[in-house]
Amino acid sequence: MEYEAVIGLEVHVQLKTNTKMFCGCINKYGGLPNTHVCPICLGMPGVMPTPNHDAVVKTILTGLMLECNIATRCKFDRKNYFYPDMPKNYQISQYDEPLCEGGAVTLNLLAYPKDAQKLETTVVDKKVRLVRIHLEEDVAKSQHDEGQSGVDFNRAGTPLMEIVSEADMRTPEEAFAYLTALKQILIYGNVSDADMEKGQLRCDVNVSVRPKGQEKFGTKCEIKNLNSISAVRRSLKYEIDRQIEVVSEGGTIRQETRRWNDVKGETAVMRIKEQAHDYRYFPEPDLLPLNTSLGLRSEAEVLMPELPSAKKARLATQYGVSEYQASVLSSEVALADYFEKAAEAAKDKGLVANFLLNDYLAINSDLSTIAVPAPWFSELANELTAGKINSKQAKEVFGLMVSDNPGNLTPLEIIKAKGFVQVTDTGALEAWCDQAIANGARSVADYKAGKVAALNALKGQVMKLSKGQANPQTVGEILEQKLKAL
Amino acid sequence: MSSQGIDVQYVADLARLRLSADEVATFQKQLSDILGYVDQLQKVDVSSVEAITASAPTSNNLRTDELKPSISAEEALANAPVQSDNLFIVPRMVE
C-alpha cells in the first residue's frame, strides 16, 4: 500500500524590537544570565504589563505580508501552567481572538532544497494555508545539569509570534520550503532576523501518515528539538518512514511527543504526559483589548515592503535579467539590494547579474561579508561593454577584485596595473592572424574540409600571440575572412 | 464546565494543590455554588452587547518601544533560594 504524510508546522518567531513585549528591558540575544531583566519579565507578583507598540505593529505587518485577515479587535489571555521558565505560572498569549487569521505561505521553487528543485513531484508555488498568527511572550531559557536546572530570564518576555499552518504539507521537502519561504518574508519585512541557531525561529512539527487516497488523518506525533531547517527535513524523513513501517506491519501510532536527536539522526519518544494539556485560558485582566483600526493597522501598512514575488518581477523588467536570475536575486533582500546598487551605473545590467550570481557567489556564498563596493561591478562591466578589455581579462580582474586585492584597488586601477588593454587595432590583429594561419596548416585544411570548429584552434593561437589582449570576436571575424579568401 | 460537573480533585492537581477529602467536599460545594451563579448569568441574552474586558471603554494602552533600565543580576537573584553563575537553580526539569 502507498502511504502519504500529512504535515503541519507551528513556528515561533521572536520579533525584532528594541525592548521586550511587556516591559522596557532590552530585547537582545545572549548577555550574562539574568542581566536583561526587571520585576515584570521575572514574573514578580503584582507587576503590571504594558504591551510594546512596535511588537503589535510588526505582528500585523507579518499578517499583511502573509495575506492574513487582521482582526479589528483582539485581546490577550493567560495560558496557565507550572514550569520554572515562567514563575508567574501563566504565559500571556492570545487564545480565541488572535491578531491574524488565515493567510498562506507560497512555496516558490528556490525555497525547496536544491536536490528537490529538479524533481517532477515538486509542486512549485504551492500555497500552504495558515490557521492563525498570535502574539505572546517568550519564556526563560533553561539549561539542564545533573539533578538540577539553571534558569536565565534574559529571553523571558521577548515578543513572540506563533504562526500555525494548516496540515497542508505532504513531504519533508515542502516543510523545508515552507520554512525557507516564511523566513524570507520575515526578513523582507524586517520583523525578525529569524536565525534558528539563535532560537529566533523555532519550529514544532506535527506529522501523521495515512494510506494514499484516504481522507481521514492518521494519529499524529509531534517532533521537538529541531534546530535547523535541514533538521526539520531529516527528522520528517525519519519519522514518516518510522510511522509507515509501524502502520504497514499492522501496528498503531501512539499520539506522543518525540525528540529529534540530530547526531543519531532519529526521533525518540519523550516522557508521555499522563494529563493532557489543560491550560485553563482566561482573558488577561491586566491588559486592555487591542483595536487595530485605530491606527495600528495603517502604521503596519506603511511598513509593507516590496515582497519577493513583486521584486522578482520588477528586477526582470527593470534590469532585463533572466527570470531565473531575478528569482535568485530576490530570494534574499540583501542580495537584491546589493545587485541594484551594483548595477546602477552599468550599461549592461545583465553583465552585473552574471558577475554577481555566477562569479561572485561561486567564490563566496555569504553576502553579509561582501567587502567589494557595489559600484565596482558597474565599473568593470562597463570596461567590458566598451570593448576595452575582453571577457577573459574581465574574469581575471574580477577574481583579483573580490579575493586578492590587498591594495583595495578599483577595477580600473587593476586593469592598469595588469597592463590589460584589448588590442582592436586591425593591423596588429591581421599580422597575428596571418602568422597563425601560416603555422596552422592542419587547422586550415580541417577548416577548408568543413570542420568549423578548427577555427577555434587558430583563434587560440592568435590569443596566445597577443598574450590574451586581442579582441576574440574581431579575431574570429578576420580569420574567417582570411580563410575564405584562401 | 457545568456547576455539577466540576472535578475539584482535577482542578487541584492542575493548580498543584494537595487537598484532603474534607477540603474536596467543602470546595466542591463552594465552587459549585459559584458556578451556579455563572449558570444564571449565562441565561441572560447578551447577543446585542459588545464584549468588554475593562470597565472603562478604552483600548490600545500601548508603550513606545523605548529602553528602560533593567535591574542588576544581583537584585534579580536576591530572593533565589539557590543560585549559581547568575542562574536561578531549580530542581531538574524533566523534558
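Biologist: Buried area is the accessible area (1.4 Å probe) that two parts lose on being put together, summed over both. This is a predicted model, so with that definition in hand, how much area do chain A and chain B bury between them?

Modeller: Start with the contacts: 54 residues of chain A are in contact with 37 residues of chain B. Of the area the two chains bury, 57% is on carbon and sulfur atoms. The total for chain A and chain B comes to about 4,000 Å².

Biologist: And what holds the polar part of that interface: how many residue pairs are in polar contact across chain A and chain B?

Modeller: Salt bridges don't come into it, as the rule finds 0 of them across the interface of chain A and chain B. Polar contacts do turn up there, counting pairs with both residues at pLDDT 80 or more. The number of residue pairs in polar contact is 21.

Biologist: Which element gives the most to the side of chain A that touches chain B?

Modeller: That side still has 21 residue pairs in polar contact with chain B. The elements giving two or more residues to it are helix H1 (53-65), strand E9 (141-145), strand E10 (148-152) and strand E17 (290-291) of chain A. The top contributor gives 5 residues, and that element is E10(A).

Biologist: Which residue of E2(B) is the bridge partner of A:Val151?

Modeller: Here two strands from separate chains pair up: 4 bridges join E10(A) to strand E2 (residues 87-91) of chain B, and the strands run antiparallel. Look along E2(B) for the partner of A:Val151, and you land on B:Phe88.

Biologist: Let's go to salt bridges. How many residues apart in sequence are the parts that A:Asp96 and A:Lys75 tie together?

Modeller: The structure holds 36 salt bridges over all chains, and in one of them the side chains of A:Asp96 and A:Lys75 meet at 2.8 Å, N to O. A:Asp96 sits in the loop between strand E5 (90-93) and strand E6 (100-101) of chain A, while A:Lys75 is in the loop between strand E3 (73-74) and strand E4 (77-80) of chain A, so the pair ties together parts whose separation in sequence is 21 residues.

Biologist: Is A:Glu174, the partner of A:Lys126, buried or exposed?

Modeller: A:Lys126 and A:Glu174 form a salt bridge with their closest N and O atoms 2.8 Å apart. The pair links strand E8 (residues 126-137) of chain A, home of A:Lys126, to helix H3 (residues 172-188) of chain A, home of A:Glu174, 48 residues apart. A:Lys126 has a relative accessible area of 17%, so under the 20% cut-off that residue is buried. A:Glu174 is at 4% relative accessibility, so A:Glu174 also counts as buried.

Biologist: What about A:Asp262 and A:Arg234: what is the relative accessibility of A:Arg234?

Modeller: These two form a salt bridge too, the closest N and O atoms being 3.0 Å apart. A:Asp262 is in the loop between strand E14 (257-261) and strand E15 (266-269) of chain A, and A:Arg234 is in helix H4 (residues 229-248) of chain A, 28 residues away in sequence. A:Asp262 counts as partly exposed at 41%. A:Arg234 is partly exposed as well, with a relative accessibility of 38%.

Biologist: Which strand, besides E5, is an edge strand in the open sheet E5-E4-E16 of chain A?

Modeller: The sheet has 3 strands in antiparallel pairing, in the order E5-E4-E16 (chain A). An edge strand pairs on one side only, which fits E5 and, at residues 282-283 of chain A, strand E16.

Biologist: In E5(A), what is the bridge partner of A:Lys79?

Modeller: E4(A) and E5(A) run antiparallel and are joined by 4 bridges. Within E5(A), the residue bridged to A:Lys79 is A:Gln91.

Biologist: Last one, on backbone angles: what is the phi of B:Arg16, roughly?

Modeller: B:Arg16 is in the loop between helix H1 (8-14) and helix H2 (21-42) of chain B. With a relative accessible area of 53%, B:Arg16 is exposed. It's not a glycine, yet the phi of B:Arg16 is positive, at about 60°.

How values were computed: Residues are numbered from 1 along each chain as its sequence is written. Chains are lettered from A and ligands numbered from 1 in the order in which they are written. This is a predicted model: local features need pLDDT of at least 70, side-chain atom pairs count only at pLDDT 80 or more; totals for chains, interfaces and linings use all residues. Side-chain values use heavy atoms; hydrogens and water are left out. Contact means heavy atoms within 4.5 Å. A salt bridge is a side-chain nitrogen of Lys or Arg within 4 Å of a carboxyl oxygen of Asp or Glu. A polar contact is a pair of N or O atoms within 3.5 Å; within protein, one must be able to donate a hydrogen and the other to accept it, and residues adjacent in sequence count only if both atoms are side-chain atoms. Two strands pair if DSSP finds at least two bridges between them. Buried means under 20% relative accessible area, exposed over 50%, partly exposed in between (1.4 Å probe, protein chains only).
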